[in-house]
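Reader: Please take a close look at the charged side chains here, and at the elements that carry them. One connected account will do.

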Amino acid sequence: MSDFQYDKLIQKALVSVVRDVLEDVAQNGLTNNHHFYIRFRTDHPRVSIPAFLKERHPEEVMIVIQYQYWNLKVYSDHFVVDLSFNGVQETLNIAFDALTAFVDPSVKFALQFTPSFEDDGTPRDGEHKSVEINSGNDDDKIISFDQLRKK
């Protein structure tokens, strides 16, 4: 009998939600007041951001995709987007497994991830990635899959 790694399967499924949403935005743009707060680990080896941003935020940063974003491209394991910082357009390359949160406040939807990675950016074996979902039904209620895990 095989041992299912449900946390990894859930993580993969929820990252695909983010990927699908970003792919739609890349093709069709943002509509109906949608905008995104995306938090990610800046120390992830497969994240490429401007040096000044990395210096100010050595571990984690939140970006906003709303009004001033360009050239959004989505790939199987990462996305690339140009954002404006102090009037200067900069390119960010963000691995999906570096994400710590994805929020669309226009519909009160949020996903929270706990990335775990090796120096080369691959997931670390033996460690789980916790995943939390807020579906917007209760502003203060976030479902944590860690609550379901045997202790």
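Author: Asp77 is partly exposed in this predicted model, with a relative accessible area of 34%. Its side chain meets that of Arg46 in a salt bridge, 3.2 Å from N to O. The two residues belong to distant parts of the chain, 31 residues apart: Asp77 sits in the loop between strand 3 (69-74) and strand 4, and Arg46 in the loop between strand 1 and helix 2 (51-56). Arg46 itself counts as partly exposed, because its relative accessible area is 30% and the buried class ends under 20%.

Arg46 has a further salt bridge, to Asp97, where N and O are 3.0 Å apart. Again distant parts of the chain are linked: Asp97 lies in the loop between strand 5 and strand 6 (99-104), 51 residues from Arg46. Through shared partners, the salt bridges join Arg46, Asp77 and Asp97 into one network. Is Asp97 buried or exposed? At a relative accessible area of 14%, Asp97 is buried.

A search of the whole structure gives four salt bridges. One of them pairs Arg39 with Glu60, with the closest N and O atoms 3.0 Å apart. Arg39 is in strand 1 and Glu60 in strand 2, so this pair ties together parts that are 21 residues apart in sequence. Both ends are partly exposed: Arg39 has 31% relative accessibility, and Glu60 has 28%.

The strands that hold this pair run antiparallel, and six bridges join strand 1 (residues 36-41) to strand 2. Phe36 stands opposite Ile65 of strand 2. Side chains alternate along strand 2 (residues 60-65). Val61, Ile63 and Ile65 point to one face and are buried, whereas Glu60, Met62 and Val64 point to the other face and are not buried. Glu60, the partner of Arg39, is thus on the face that is not buried.

Strand 4 (residues 78-85) and strand 5 (residues 88-95) are also antiparallel, joined by eight bridges. Within this pairing, Val80 has Asn93 of strand 5 as its bridge partner. Two residues separate the strands of the hairpin, and Asn86 there takes a positive phi near 50°.

Another arginine, Arg19, belongs to helix 1 (residues 6-28). What is the nearest side chain of opposite charge to Arg19? That side chain is Asp20, 5.4 Å away, and Arg19 is buried yet has no salt bridge. A salt bridge would need the nitrogen and oxygen within 4 Å. A polar atom of the Arg19 side chain does lie 2.9 Å from the backbone oxygen of Ser76. Leaving aside residues up to four places away in sequence, Arg19 touches Val74, Tyr75, Ser76 and Phe96.

Phe96 is also touched by Val15, as is Phe113, with the same residues up to four places away left out. Val15 is likewise in helix 1, and its relative accessible area of 8% makes it buried. Its C-alpha is 8.7 Å from that of Leu99, although 84 residues separate the two in sequence.

The buried residues of helix 1 are Asp7, Gln11, Leu14, Val15, Val18, Arg19, Leu22 and Val25. Its 23 residues, at 1.5 Å a residue, should span 33 Å, which agrees with the 33 Å between its end C-alpha atoms. After helix 1 comes Gly29, with a positive phi near 80°.

Notes:
Residues numbered from 1 in each chain as written. Predicted model: local features only at pLDDT ≥ 70, side-chain atom pairs only at ≥ 80, totals over all residues. Heavy atoms only, no water. Pairing = 2+ DSSP bridges. Helix = DSSP H or I, 4+ residues; strand = E, 2+ residues; numbered from the N terminus. Buried < 20%, exposed > 50% of the residue type's maximum accessible area, 1.4 Å probe, protein only. Lys, Arg positive; Asp, Glu negative; His and termini not counted. Polar contact = N/O pair within 3.5 Å; in protein donor to acceptor, adjacent residues only side chain to side chain. Contact = heavy atoms within 4.5 Å. Expected span 1.5 Å × (residues − 1).
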